[in-house]
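Let's take a friendly walk through a protein chain, looking at one helix and at the links between side chains. Keep the picture open as you read.

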Amino acid sequence: MALCTVLVVTGCAPPGKKTVVVRKNQYARCTPAASIEKQMIRLINRARTSGGKCGGKRFRPAATVHWNAALARAARSHSKDMAGRNKLSHKGSGKSTVEKRVGRVGYVWRAVGENVAGGLETSESVVSGWLESPGHCANIMEPAFTEIGAACAQKATSRYGTYWTLVLAAPLK
């Protein structure tokens with residue numbers, strides 16, 4: 001399992017001293033796309049409404065997030081790009097960033113963040129891993145975010161097999 005996080009304000013930080021176990025996903029299966037929306041909303045909102053601790057930082061309960069189809073398109077595009085390039089990264093083809101990818105789908109944001117993961121097959125395993133990682137957890141718990149979109153792409157011959165992207169944002173309004 002490999003995880004990485006980005007928050008526009010802080011950028012992507014390498015994992016701390018905690019060892020992240022990377023395993024090859026020999027089957028390269030993702031949660032079916034039709035299930036990702038329902039599962040991600042349920043899992044992320046359960047964590048947000050409970051509040052909790054991400055590393056050394058405490059988070060109060062936060063309002064629920066809602067699914068946004070444009071953010072899901074940005075997530076799907078990045079997951080497919082990572083799978084196609086065999087690279088787990090926040091930088092996409094042409095050095096694209098989450099800010100640029102979200103802009104390309106027409107979403108005008110005031111806050112935006114991204115979590116990525118590789119080598120996991122289910123929404124449950126991905127969200128569980130993100131909640132155990134301080135940076136990913138902080139993105140999920142961030143009260144400024146009001147909408148999400150997520151996707152998984154697979155490529156059996158790649159290093160991780162599966163590539164996940166969660167885009168979290170709040171519209172400019």
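This report looks at a helix, then at charged pairs, and then at disulfides.

## A predicted model

What you see here is a predicted model. Please keep that in mind as you read the distances and angles below.

## Helix 2 from end to end

Let's begin with helix 2, which runs over residues 69-85 and has 17 residues. At 1.5 Å a residue, the helix should span 24 Å, and its end C-alpha atoms are indeed 24 Å apart, so the expected and the modelled values agree. At the start of the helix, a side-chain oxygen of Asn68 comes to within 2.9 Å of the backbone nitrogen of Ala70. Just after the other end, Asn86 has a positive phi of about 55°.

Which residues of helix 2 are buried? They are Ala70, Leu71, Ala72, Ala74, Ala75, His78, Ser79, Asp81, Met82 and Ala83. The cover over these buried residues includes strand 4 (66-67), helix 3 (98-104), strand 5 (109-118), strand 6 (147-154) and strand 7 (162-171).

## Charged pairs

Side chains of opposite charge can pair when their charged atoms come close. How many salt bridges does a search of the whole structure find? The search finds 4, and here we visit some of them.

One salt bridge sits within helix 2: Arg85 pairs with Asp81, and their closest N and O atoms are 3.0 Å apart. The two residues are 4 places apart, about one turn of the helix. Arg85 is partly exposed at 31% relative accessibility, whereas Asp81 is buried at 18%, since the cut-off for buried is under 20%.

Another salt bridge joins the side chains of Glu124 and Arg42, at 3.4 Å from N to O. Glu124 belongs to helix 4 (residues 123-132) and Arg42 to helix 1 (residues 33-50), so this pair ties together parts that are 82 residues apart in sequence. Both partners are partly exposed: Glu124 has a relative accessible area of 34%, and Arg42 has one of 37%.

## Arg101 and its partners

The side chains of Arg101 and Glu114 also meet in a salt bridge, with 2.8 Å between N and O. This pair links distant parts of the chain, with Arg101 in helix 3 and Glu114 in strand 5, 13 residues apart. Are these two buried or exposed? Arg101 is buried, at 5% relative accessibility, and Glu114 is buried too, at 0%.

Arg101 has a further partner, as its side chain makes a polar contact with that of Ser96, at 2.9 Å. Ser96 is found in the loop between helix 2 and helix 3, and it is buried, with a relative accessible area of 4%. Leaving aside neighbours within four places in sequence, Ser96 is in contact with His90, Lys91, Arg101 and Arg104.

## Two disulfides

A disulfide is a covalent bond between the sulfur atoms of two cysteines. The whole structure holds 2 of them, and they follow the pattern 1-4, 2-3 when bonded cysteines are counted along the chain.

Cys30 is joined to Cys152, with 1.9 Å from S to S. Cys30 lies in the loop between strand 1 (2-7) and helix 1, and Cys152 lies in strand 6, so the bond ties together parts 122 residues apart in sequence. Cys30 is buried at 16%, as is Cys152 at 17%.

The other disulfide joins Cys54 to Cys137, with an S to S distance of 2.0 Å. The torsion about its S-S bond is about -55°, so this disulfide is left-handed. Both Cys54 and Cys137 are buried.

Key:
Residues are numbered from 1 along each chain as its sequence is written. This is a predicted model: local features need pLDDT of at least 70, side-chain atom pairs count only at pLDDT 80 or more; totals for chains, interfaces and linings use all residues. Side-chain values use heavy atoms; hydrogens and water are left out. The expected span of a helix is 1.5 Å times one less than its number of residues. Buried means under 20% relative accessible area, exposed over 50%, partly exposed in between (1.4 Å probe, protein chains only). Contact means heavy atoms within 4.5 Å. A polar contact is a pair of N or O atoms within 3.5 Å; within protein, one must be able to donate a hydrogen and the other to accept it, and residues adjacent in sequence count only if both atoms are side-chain atoms. A disulfide is a pair of cysteine sulfur atoms within 2.5 Å.
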